[in-house]
Amino acid sequence: MTEAILLVGGKGTRLRPLTVHTPKPMLPAAGVPFLTHQLARARAAGVEHIVLATSYLAEVFEPHFGDGSSLGLHLEYVTEDEPLGTGGAIRNVAARLHSAPDDPVLVFNGDILTGLDIRALVRTHKATSADVSLHLTRVTDPRAYGLVPTDETGRVTAFLEKPQTPEEIVTDQINAGAYVFRRSVIDTIPAGRPVSVERETFPELLSIGAHLQGLVDSTYWLDLGTPAAFVRGSADLVLGRAPSPAVPGRCGDRLILPSARVAADAKLTGGTVVGEGAFVAKGARVSGSTILAGAVVEPGAVITDSLIGTGARVGERSILTGTVIGDGAIVGADNELREGVRVWCDARIPPGALRFSPDQ
Ligand code: GDD
Ligand code: MG
């Protein structure tokens, strides 16, 4: 039996102030809590036992996923009193693992949407007898990630978390946040204190000559750490670009959840999701966006690449591009909000209050 650890803790995210009661892994992506996609993909790859390592807003996971049986999984939850970091979180759940010392244990960052062939990562791990195997992907700007150069056999030669100087950027291969650990390696991580697997465990393992194996796989990959990425990921799930067995219904241009209402002439495109009980009125155009449960889009509003929070309202003819509207916020009619705008939960923007003018 293969088992896995899913890391869903940490200090929270840039999405957190906007969705007060919802930690990011529980934000609906393509209509279901994001975590469902990761759990379902792991299950499809043969994983049966998953331990969720959580720290903040932990109490929302168990009521939703329970013992995991509805997904065909055995799920367990471990909550840290204080965030223990990625390595500390892995070590903290070691007692829940059933694997023998030489068995492979999967570890996933909880904010990644990917088409990774999980079985192939485990196969590589076994074939190379590695201590840890890492999924690597290529990006144009690696500064927000862990940089992972490898030799010609794929063996990891260094691990540089969040490289900043040009001299540090020696490759475009980064840590994609999915690992296979030899079980006994997990037991060597110090217990009871914060440990970063990226800044401490991997560099130390390399310094003592441990075998870290990289598997470069350039399938779909996205870290959902920013609101823009989250909205993109949800749309890609709906469009079928990001593969997940947990997307409810068929993939296509839009996903309208059963109790949502959409006016006949409203136009929904680009993987837009309309959540439970939400309403999109006549003449509205919504593209590549996520409308969460109970939100209202009034007539003629034009929404692109945006996240509209639970119970929020977008007024008539308002134009929103690349914005996040917090839960319960109200954007009055005839406003224009552009890239990067964050309207906080329950805030009120009066009609016609905001316009964008580039002064050119
Ligand atoms: N339980 C627990 N406790 N989980 C944690 C903690 C903690 O203290 N800290 C972080 N996590 C979880 C987060 O919830 C997330 O799922 C994962 O660990 C990674 O943390 P992030 O905060 O999202 O890190 P990052 O995105 O800046 O960088 C990581 O991911 C990159 C790929 O997206 C690193 O692993 C990089 O090396 C990697 O390239
Ligand atoms: Mg991340």
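Which polar backbone atom lies 2.9 Å from a nitrogen atom of ligand 1? The atom in question belongs to A53. That contact is a good way into this structure, which is a predicted model, and the tour below starts at the ligand before moving out to the helices and a few individual residues.

## Around ligand 1

Besides the A53 contact, two further polar contacts help to place the ligand. The table sets the three side by side.

| Protein partner | Ligand 1 atom | Distance |
|---|---|---|
| A53, polar backbone atom | nitrogen | 2.9 Å |
| G146, backbone N or O atom | oxygen | 2.9 Å |
| D223, side-chain N or O atom | oxygen | 2.5 Å |

On its own, ligand 1 has 740 Å² of accessible area, and the protein covers 84% of it. There are 26 residues around the ligand, and G85, E161, N175, E198 and D223 come nearest. D223 therefore appears twice in this picture, as one of the nearest residues and as the side-chain partner at 2.5 Å, a pair that falls within the 3.5 Å limit for a polar contact.

Sorted by class, the shell consists of 11 nonpolar, nine polar and six charged residues. Four elements each supply at least two of its residues: β4 (47–54), α3 (85–92), β11 (173–182) and β13 (221–223). The most comes from α3, which gives three residues.

## Helix α6 and F202

Helix α6 covers residues 197–207, and F202 is found in it. The buried residues of this helix are V197, E198, E200, T201, F202, L205 and L206. E198 links this helix to the ligand site, being among the residues that come nearest to ligand 1. The cover over the buried residues of α6 includes α3, β8, β10 (160–161), β11, α5 (183–186) and β12. Just after the helix, G209 has a positive phi of about 85 degrees.

How far below the cut-off for burial is F202? Its relative accessible area is 0%, and since buried means under 20%, F202 counts as buried. Leaving out residues up to four places away in sequence, F202 touches V132, L134, F159, Y179, F181, V197 and L212. One of these partners, F159, is 43 residues away in sequence, yet the two C-alpha atoms are 6.6 Å apart.

## Helix α4

Helix α4 runs over residues 118–128, with I118, A120, L121, V122, T124 and H125 as its buried residues. These pack against α1 (34–44), β6 (104–109), β8 (132–138), β11 and β12 (212–216). The names β8, β11 and β12 are familiar from the cover of α6.

Both ends of α4 have something to show. At its start, a side-chain oxygen of D117 reaches to within 3.3 Å of the backbone nitrogen of R119. After the helix comes S129, with a positive phi near 50 degrees.

Within α4, T124 is worth a look. At 17% relative accessibility it is classed as buried, because the limit is 20%. Neighbours within four places aside, T124 is in contact with Q213 and L215.

## Helix α7

Does the length of α7 agree or disagree with what its residue count predicts? The helix has 13 residues, 227–239, which should span 18 Å at 1.5 Å a residue; the end C-alpha atoms are 18 Å apart, so the two agree.

Of those 13 residues, 10 are buried, so α7 is largely enclosed by the rest of the structure. The buried ones are P227, A229, F230, V231, G233, S234, A235, D236, L237 and V238. G240 follows the helix, and its phi is positive, near 85 degrees.

## Two strand residues further along the chain

I325 is found in strand β26 (residues 324–325). With a relative accessible area of 1%, I325 is buried. Apart from neighbours within four places in sequence, its contacts are L307, I308, G309, A312, L320, V331, L337 and V343. I325 and G87 are 238 residues apart in sequence, and their C-alpha atoms are 34 Å apart.

E336 lies in strand β28 (residues 336–337). Is this glutamate buried or exposed? At 14% relative accessibility, E336 counts as buried. A polar atom of its side chain lies 3.4 Å from the backbone nitrogen of F356. F356 is also on the list of residues that E336 touches beyond four places in sequence, together with I319, L354 and R355.

Key. Residues are numbered from 1 along each chain as its sequence is written. Chains are lettered from A and ligands numbered from 1 in the order in which they are written. This is a predicted model: local features need pLDDT of at least 70, side-chain atom pairs count only at pLDDT 80 or more; totals for chains, interfaces and linings use all residues. Side-chain values use heavy atoms; hydrogens and water are left out. The expected span of a helix is 1.5 Å times one less than its number of residues. Buried means under 20% relative accessible area, exposed over 50%, partly exposed in between (1.4 Å probe, protein chains only). A residue is near a molecule or strand if one of its heavy atoms lies within 4 Å of it. A polar contact is a pair of N or O atoms within 3.5 Å; within protein, one must be able to donate a hydrogen and the other to accept it, and residues adjacent in sequence count only if both atoms are side-chain atoms. Accessible areas come from the Shrake-Rupley method with a 1.4 Å probe; for residues, only the protein chains shown count as cover. Ala, Val, Leu, Ile, Met, Phe, Trp, Tyr, Cys and Pro count as nonpolar, Asp, Glu, Lys and Arg as charged, and the others, Gly among them, as polar. Contact means heavy atoms within 4.5 Å.
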